[in-house]
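Please walk through this structure by its strands and its helix, with the sequence at hand.

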Amino acid sequence: MPETAQRLRSANPGIPGELVDVASLSSWIEDADGDLQISHVRVTGDGSVGEDFGLLDLSGSRVEGCSCIGCDFARSTFSDVAFSNCDFSNSSFSEANFTRCTFASCKFTGADLSESVLVRVELRDCTFAYASFAKARLADFLAVSTDFSQSDFSEARQKRVSFDDARFAGTSFFRASLDGVDFSTCQLSDIVLSDAMSELRGCSMDLFQAAGIARRLGVNVKG
């Protein structure tokens, strides 16, 4: 585990022991006369396709084994929420706000998290391949054994971010801030950078990764 992980404020979502069981988020909202503020629920096994959950405000809850494909969660707020074994592929979380949230074995393939804010968030064994974090803000953000292949972090801003055993294959960091980020335990290949590669200023890599970057600069690495 990179040293940066030790300096992060943990997600540690505040979730009460007793929760109301919810099988369908859209039905719950409908029964509540469209009220999008939901707290202290356990959403289990929801299967939604193309639903509009924009401006949802979910707090102090668990979301387990749900499949929300191509759904709209734009500008939603999630605070103190634990997600596990969920699939949000091709869904939109643009301008959403996540605070003190954990994600375990979740899939966000092709999801749009552009301009989102993720503070005190932990990802473990998740997939964010082809997802967009363009112009997102990340703080106290931990990702372990998570796949970011072909994802887009262009112009993202971060502080206190830690990646451990994460995969960045073809990932775009164009004009992103990577100062203080440690990639030494990660898989790093064919990442997209600006011509000057200024994005890498202040980040850490192992010797093999650094040699790959040097070769892109036309440096012959010997030994």
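What follows goes from a single strand residue to a set of paired strands and then to a helix. The model is predicted.

Start with V43, which sits in strand β3, residues 41-44. Is V43 buried or exposed? Its relative accessible area is 2%, and the cut-off for buried is under 20%, so V43 counts as buried. Leaving aside neighbours within four places in sequence, the residues in contact with V43 are V22, L25, R62, V63, E64 and C66. S24 is 19 residues from V43 in sequence, yet the two C-alpha atoms are 7.1 Å apart in space.

Next, look at strand β10, which spans residues 137-144. Which strands pair with β10? Strand β9, residues 117-124, runs parallel to β10 and is joined to it by 7 bridges. Within this pairing, V121 has F141 of β10 as its bridge partner. Strand β11, residues 157-164, also pairs with β10 in the parallel sense, over 7 bridges. Here R137 is bridged to R157 of β11. β10 is mostly covered, with 7 of its 8 residues buried.

The last element is helix α2, residues 207-216. At its N-terminal end, D206 acts as a cap: a side-chain oxygen of D206 lies 3.2 Å from the backbone nitrogen of F208. Which residues of α2 are buried? They are Q209, A211, I213 and A214. An α-helix has 3.6 residues a turn, so residues three or four places apart point the same way. The buried residues of α2 pack against β13, residues 187-189.

Technical notes
Residues are numbered from 1 along each chain as its sequence is written. This is a predicted model: local features need pLDDT of at least 70, side-chain atom pairs count only at pLDDT 80 or more; totals for chains, interfaces and linings use all residues. Side-chain values use heavy atoms; hydrogens and water are left out. Buried means under 20% relative accessible area, exposed over 50%, partly exposed in between (1.4 Å probe, protein chains only). Helices (H or I, at least four residues) and strands (E, at least two) are DSSP runs, numbered from the N terminus. Contact means heavy atoms within 4.5 Å. A polar contact is a pair of N or O atoms within 3.5 Å; within protein, one must be able to donate a hydrogen and the other to accept it, and residues adjacent in sequence count only if both atoms are side-chain atoms. Two strands pair if DSSP finds at least two bridges between them.
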